[in-house]
Amino acid sequence: MKRFIITLLATSFLAAPGAFAAPQDRNDGFRGRKVERHSTTTIKKTVVRKNRWTRGHRLSPAERRRTAEVRDYRRYRLNAPPRGQRWVKVDNDFLLISVATGVIVGLASSR
C-alpha cells in the first residue's frame with residue numbers, strides 16, 4: 001500500500017507540468033485574426049558639414065568625394081579656371097581648387 005501511494009504521488013508530480021503546458025483555447029475577441037508586431041531600429045548617421053570655406057584650406061579625400069566638378073562654369077557666371085585648377089560645387093558654394101594638392105584657391109557662392 002505504501003508503494004502504491006508513493007508511485008501515485010510521484011506520477012502526479014511528473015504529470016503536473018504537462019497539464020499546465022497544454023495550449024489554452026482562449027478567444028479574446030480576435031476571431032481568427034492574427035496580430036503581427038513589427039519593430040524598427042533607427043540607425044544614426046553622422047554627417048560632417050563645413051559651412052565656411054577659406055582660402056588655403058586643403059580638402060581632404062572625404063571632402064573631395066562630396067564635390068561635383070563644374071564644367072559649364074559660364075552658366076554660373078564663373079571665370080575660366082587657370083591650368084591646374086578647377087571649379088567644384090559643394091552644397092551651394094563654388095570652390096576653385098588646385099587639382100594636384102586640393103588647396104582652395106578661390107571662392108564664389110551662388111546665393
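# Exercises on a four-stranded sheet

Strands 2 and 3 are antiparallel partners, joined by 6 bridges. Here strands (E, at least two residues) and helices (H or I, at least four residues) are DSSP runs numbered from the N terminus, and two strands pair if DSSP finds at least two bridges between them. The model is predicted: local features need pLDDT of at least 70, side-chain atom pairs count only at pLDDT 80 or more, and totals for chains, interfaces and linings use all residues. Residues are numbered from 1 along each chain as its sequence is written, and side-chain values use heavy atoms, with hydrogens and water left out.

## Exercise 1: the sheet

Task: Work out the strand order of the open sheet and find which strands stand at the edges.

Solution.

Step 1. Start with strand 1 and strand 2 (residues 85-90): they pair antiparallel over 2 bridges. Glu 69 sits opposite Val 88 of strand 2.

Step 2. Move on to strand 2 and strand 3, an antiparallel pair with 6 bridges. Here Trp 87 has Leu 96 in strand 3 as its bridge partner. The hairpin of these two strands has 2 residues between them, and Asp 91 takes a positive phi near 55 degrees there.

Step 3. Now take strand 3 (residues 93-98) and strand 4, which run antiparallel and are joined by 5 bridges. Leu 96 is opposite Gly 106 of strand 4.

Step 4. Put the pairs together: the open sheet of 4 strands has the order 1-2-3-4, with antiparallel pairing. Strand 1 (68-69) and strand 4 (104-109) each have a single partner strand, so one side of each has no neighbour in the sheet.

## Exercise 2: a threonine before strand 1

Task: Is Thr 67 buried or exposed, and what does its side chain reach?

Solution.

Step 1. Locate the residue: Thr 67 belongs to the loop between helix 2 (61-65) and strand 1.

Step 2. Check accessibility, where buried means under 20% relative accessible area, exposed over 50%, and partly exposed in between (1.4 Å probe, protein chains only). With a relative accessible area of 17%, Thr 67 is buried.

Step 3. Follow the side chain of Thr 67 to the backbone oxygen of Arg 64, at 2.6 Å.

Step 4. List the contacts (heavy atoms within 4.5 Å). Beyond its neighbours within four places in sequence, Thr 67 is in contact with Val 88, Lys 89 and Val 90.

## Exercise 3: the nonpolar cores

Task: Which residues make up the largest nonpolar core?

Solution.

Step 1. Apply the rule: a nonpolar core is a set of buried Ala, Val, Leu, Ile, Met, Phe, Trp, Tyr and Cys residues joined through side-chain atoms within 4.5 Å.

Step 2. The largest such core has 7 residues: Trp 53, Leu 59, Val 88, Val 90, Leu 95, Ile 97 and Ile 104. At least two residues of this core come from each of strand 2 and strand 3.

Step 3. Apart from this core lies another, of 6 residues, including Val 70, Trp 87, Phe 94 and Leu 96.

## Exercise 4: salt bridges

Task: How many salt bridges are there, and which residues are linked in a network?

Solution.

Step 1. Count the pairs in which a side-chain nitrogen of Lys or Arg is within 4 Å of a carboxyl oxygen of Asp or Glu. The count is 3 salt bridges.

Step 2. Look at Glu 69, which is partly exposed at 40% relative accessible area. Its side chain meets that of Arg 71 at 3.9 Å, N to O, and that of Arg 86 at 3.5 Å, N to O. Arg 86 is in strand 2 and Glu 69 in strand 1, so this pair ties together parts 17 residues apart in sequence.

Step 3. Join the two: Glu 69, Arg 71 and Arg 86 form a network of salt bridges. Within it, Arg 71 is exposed at 69% relative accessibility, while Arg 86 is partly exposed at 27%.

Step 4. Add the salt bridge of Asp 72 and Arg 75, whose closest N and O atoms are 3.5 Å apart. Asp 72 is partly exposed at 36%, and Arg 75 is exposed at 62%.

## Exercise 5: an aromatic pair

Task: Which rings form an aromatic pair, and what is the angle between the planes?

Solution.

Step 1. Use the cut-offs: rings of Phe, Tyr and Trp (its six-membered ring) pair if their centres lie within 6.5 Å, with planes under 30 degrees apart counted as stacked, over 60 as edge-to-face and the rest as tilted.

Step 2. The count is 1 aromatic pair. Tyr 76 and Phe 94 form this tilted pair, at 4.8 Å centre to centre and 45 degrees between the planes.

Step 3. Place the rings: Tyr 76 is in the loop between strand 1 and strand 2, and Phe 94 is in strand 3, 18 residues apart. Tyr 76 is partly exposed at 30% relative accessible area, whereas Phe 94 is buried at 3%.

How values were computed
Polar contact = N/O pair within 3.5 Å; in protein donor to acceptor, adjacent residues only side chain to side chain.
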